[in-house]
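Hi,

Here's the structure I promised to pass along. Have a look at it first, and then read on for my notes on what turned up.

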Amino acid sequence: MWWGGRGQSFNIAPQKEEPEMGLSGPKSVQGTGMPEPRSRQLGSCLASGGLPGEQILAWAPGVRKGLEPEMPGTLICSNLRVTFQPHGWQRSQETPLSNEYDFSLANIGRLEAVHGPSRVQLLRPGSLLKFIPEEILIHGQDFRLLRVGFEAGGLEPQAFQVTMAIVQARAQNSPAQQYAGITLSQAGQSSDSRKPPIPLLETIEDWETERKKQAARGWRVSTVNERFDVATSLPRYFWVPNRTLDSEVRRAFGHFHQGRGPRLSWHHPGGSDLLRCGGFYTASDPNKEDIRAVESMLQAGHSDVVLVDTMDELPSLADVQLAHLRLRALCLPDSSVAEDKWFSALEGTRWLDYTRSCLRKASDISVLVTSRVRSVVLQERGDRDFNGLLSSLVQLLSAPEARTLLGFQSLVQREWVAAGHPFLTRLGGSGASEEAPVFLLFLDCVWQLLQQFPAEFEFSEFFLLALHDSVRVPDTLTFLRDTPWERGKQSGQFNNYTQVYTPGFPGAGNSINPQLSVWDWNLRYSNKQILQFRNPGYDPEHCPDSWLPRQQPSFMVPGPPSSVWLFSRGSLTPLNQLCPWRDSPSLLAVSSRWLPRPAISSESLADQEWGLPSHWGACPLPPGLLLPGCLGPQIRLWRRCYLRGRPEVQMGLSAPTISGLQEELSHLQELLRKWTPRISPEDHSKKRSPNTILSQSR
């Protein structure tokens with residue numbers, strides 16, 4: 001399987017005598033006596049996949065190890081990536097980048113050189129190699145592993161050279177360096193007919209179309225931030241209540257952290273609204289009109305308002321980063337953890353605990369949104385991390401349309417990319433100390449939902465893997481910048497305020513093509529691979545049209561008049577006012593972690609009485625709402641992602657398609673044929689089952 005790291009979906013031709021290959025530069029290989037390298041010959045090795053501006057620094061013949069069967073080929077280091085080219089494999093022009101064979105320099109997390117059974121050197125940027133390596137191990141930040149052994153016979157200097165080239169290229173690589181000049185023709189599109197795969201929400205038309213799709217009649221698209229003079233981390237357009245003027249929006253947003261005031265995230269078909277905003281800027285001094293505007297935006301036309309303390313019961317950014325580092329160290333093939341203590345070490349990483357916490361809180365918020373008509377406001381100080389995570393999960397739990405392939409991509413574009421999640425900083429691409437893979441934690445949460453509700457999602461695990469790996473592939477601006485302002489400035493979008501997808505766009509000649517996004521999957525994946533993005537177990541009856549009418553359904557009831565609540569520690573606490581600038585500060589203006597969580601036996605808020613007034617009545621759960629289990633065994637390790645560096649662990653994972661099952665069966669039959677001659681003659685005289693042979697060969 002091309003995702004599991006143990007087999008390939010490409011047709012590898014039988015090994016032939018290789019022509020003499022060289023580097024695409026004037027230098028020869030020192031000390032080998034080889035003739036002047038020829039760029040045309042190495043160009044044939046790269047086929048048509050060489051990228052504009054790419055320079056080959058070094059190469060060496062080798063064998064990819066760790067897989068069955070091992071593959072001979074060539075390890076190539078360029079100024080943009082490290083790639084392994086199997087003998088006979090031709091890179092497709094339609095997929096200039098390869099998920100299986102390419103490692104961008106930014107994706108390399110650990111580089112090791114090995115000589116013999118005991119000599120292992122960890123190579124950091126600036127290190128000097130102390131010996132000629134027999135093999136090197138490249139550990140990707142995305143948990144992939146590339147292990148290449150070098151052939152003997154006078155080619156040792158080439159192995160030394162390509163290893164040092166990787167070390168030097170990593171040292172010189174800019175954290176935000178991107179693949180240069182991927183053209184529209186390589187994406188299989190022409191500039192005249194180019195359309196985005198999904199709306200990128202960079203135009204007012206995109207936002208208006210999305211608003212109509214959600215039937216958010218009480219909201220409008222605001223242009224107050226069109227020139228990013230309100231907040232550079234916000235998109236140019238967002239949704240505000242119909243009756244709120246842009247002048248009021250500008251003044252109200254100034255009283256929130258980083259200018260990220262309350263705005264609509266999602267409108268529930270039943271009438272509720274999910275909002276998100278930054279923390280109150282309590283040092284400001286708003287007048288009565290500003291306070292009235294803030295309260296009006298938070299209420300969003302509802303009498304019942306719930307403020308959600310987002311960070312309550314969730315890990316800090318530092319906690320997420322530490323857990324991810326521990327998880328990656330544990331999943332390395334050479335982990336020092338004993339096999340009998342591996343699962344306890346996994347629990348010690350806290351990664352599964354944090355996944356569980358996010359799912360549990362998202363479930364509670366989903367009940368708040370779907371149980372009665374109200375305004376639910378997610379409030380996080382920066383409004384750029386866990387607000388996006390919880391808002392996205394709530395929509396996945398509550399809206400079947402978000403579980404479709406197109407709907408999920410639109411969700412990520414709206415709640416993460418357009419909303420200003422700092423991808424570059426959080427994923428370690430800016431050199432800052434504020435690293436925390438919050439988006440990867442979100443993808444793990446989505447995978448947990450996919451395991452618990454396999455018939456509810458149109459996309460498959462392989463799509464999530466593709467998205468997981470794409471955050472470190474620097475070919476588009478989608479995940480390469482921290483804010484929409486930076487992304488637009490890099491692409492030249494604001495030179496004349498033209499739309500990104502206008503033909504002849506002035507930014508088309510930049511180092512990166514602004515007309516491409518991460519959603520252009522054919523940049524890196526073949527049609528066969530893209531077909532695996534769809535979940536074969538998806539039930540078509542769960543389509544959005546069969547879910548709810550666009551009117552308020554009977555199970556949604558209005559809340560009591562003028563009720564304001566704080567949701568924290570799993571319980572609702574009444575508040576006297578919304579804003580902290582009134583007579584006394586609200587609980588959100590100070591720490592609310594002192595609030596005790598009531599002793600309950602259930603994992604879900606839906607099973608509690610909440611301590612609400614009796615006239616609210618019972619809260620029946622609406623159809624289409626998913627409430628995941630969060631108990632210990634129900635939260636699992638994403639093996640196909642995190643254990644990709646261990647091919648032996650990938651065996652036995654269920655294949656998603658009939659062709660995948662056939663490939664799995666063929667692989668096992670090939671292993672049986674290879675292992676059968678190793679059985680002693682006396683064993684042949686006994687009747688042995690294939691299961692016995694497999695168990696003894698491990």
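Let me start with strand β8, residues 145-150, where five of the six residues are buried, leaving the strand mostly covered. Keep in mind throughout that this is a predicted model.

β8 has a partner on either side. With strand β1 (residues 56-65) it runs antiparallel, joined by four bridges, and Lys65 sits opposite Arg147 of β8. With strand β7 (residues 135-140) the pairing is again antiparallel, this time over five bridges; there, Ile136 faces Val148 of β8. β7 and β8 make a hairpin with four residues in between, and one residue of the turn, Phe143, has a positive phi of about 75°.

Zooming out, where does β8 fit in the order of the sheet? The sheet is open, has eight strands and antiparallel pairing, and reads β4-β3-β2-β1-β8-β7-β5-β6, which puts β8 between β1 and β7. At the edges are β4 (102-104) and β6 (119-123), each of which pairs on one side only. On average, neighbouring strands are turned by 30° against each other, ignoring direction. Over at the β6 edge, strand β5 (residues 108-115) is joined to β6 by five bridges, running antiparallel, and Leu111 has Leu123 in β6 as its bridge partner.

Helix α2 (residues 156-172) lies across much of this: β1, β2 (71-78), β3 (81-86), β5, β6, β7 and β8. Its direction is at about 115° to β1.

Next, helix α3 (residues 204-214). Its buried residues are Trp207, Glu210, Arg211 and Gln214. Looking down the helix axis, these fall within an arc of 105°, so they line one face of α3. That spacing is easier to picture if you recall the helix geometry: with 3.6 residues a turn, residues three or four places apart point the same way. Among the elements covering the buried residues of α3 are β9 (219-222), β10 (238-241), β11 (263-267) and α10. Right after α3 comes Ala215, with a positive phi near 55°.

That brings me to helix α10, residues 405-417. At 1.5 Å a residue, its 13 residues should span 18 Å, and the end C-alpha atoms are 17 Å apart, which agrees. α10 is mostly covered, with twelve of the 13 residues buried; these include Phe408, Arg414, Glu415 and Trp416. Ser410 is also in this helix. Why does Ser410 count as buried? Its relative accessibility is 12%, and the cut-off for buried is under 20%. Leaving out residues up to four places away in sequence, Ser410 touches Ile198 and Pro199.

Finally, the nonpolar cores. The largest has 83 residues, and those with the most contacts inside it are Leu389, Leu393, Leu396, Phe408, Phe439, Phe442 and Leu464. Helix α12 (residues 438-452) gives the largest share of this core, eleven residues. If you want one residue to click on, try Leu464: setting aside neighbours within four places in sequence, its contacts are Phe408, Leu443, Val446, Trp447, Leu450, Phe459 and Trp638. Another core, of 37 residues, lies apart from the largest one and includes Leu201, Trp219, Val230 and Trp581.

Cheers

Definitions and conventions: Residues are numbered from 1 along each chain as its sequence is written. This is a predicted model: local features need pLDDT of at least 70, side-chain atom pairs count only at pLDDT 80 or more; totals for chains, interfaces and linings use all residues. Side-chain values use heavy atoms; hydrogens and water are left out. Helices (H or I, at least four residues) and strands (E, at least two) are DSSP runs, numbered from the N terminus. The expected span of a helix is 1.5 Å times one less than its number of residues. Buried means under 20% relative accessible area, exposed over 50%, partly exposed in between (1.4 Å probe, protein chains only). Contact means heavy atoms within 4.5 Å. Two strands pair if DSSP finds at least two bridges between them. Axes are lines fitted to C-alpha atoms, for helices over the stretch in contact, and angles run from 0 to 180 degrees between N-to-C directions. The arc is that of the directions from the helix axis to the C-beta atoms. A nonpolar core is a set of buried Ala, Val, Leu, Ile, Met, Phe, Trp, Tyr and Cys residues joined through side-chain atoms within 4.5 Å.
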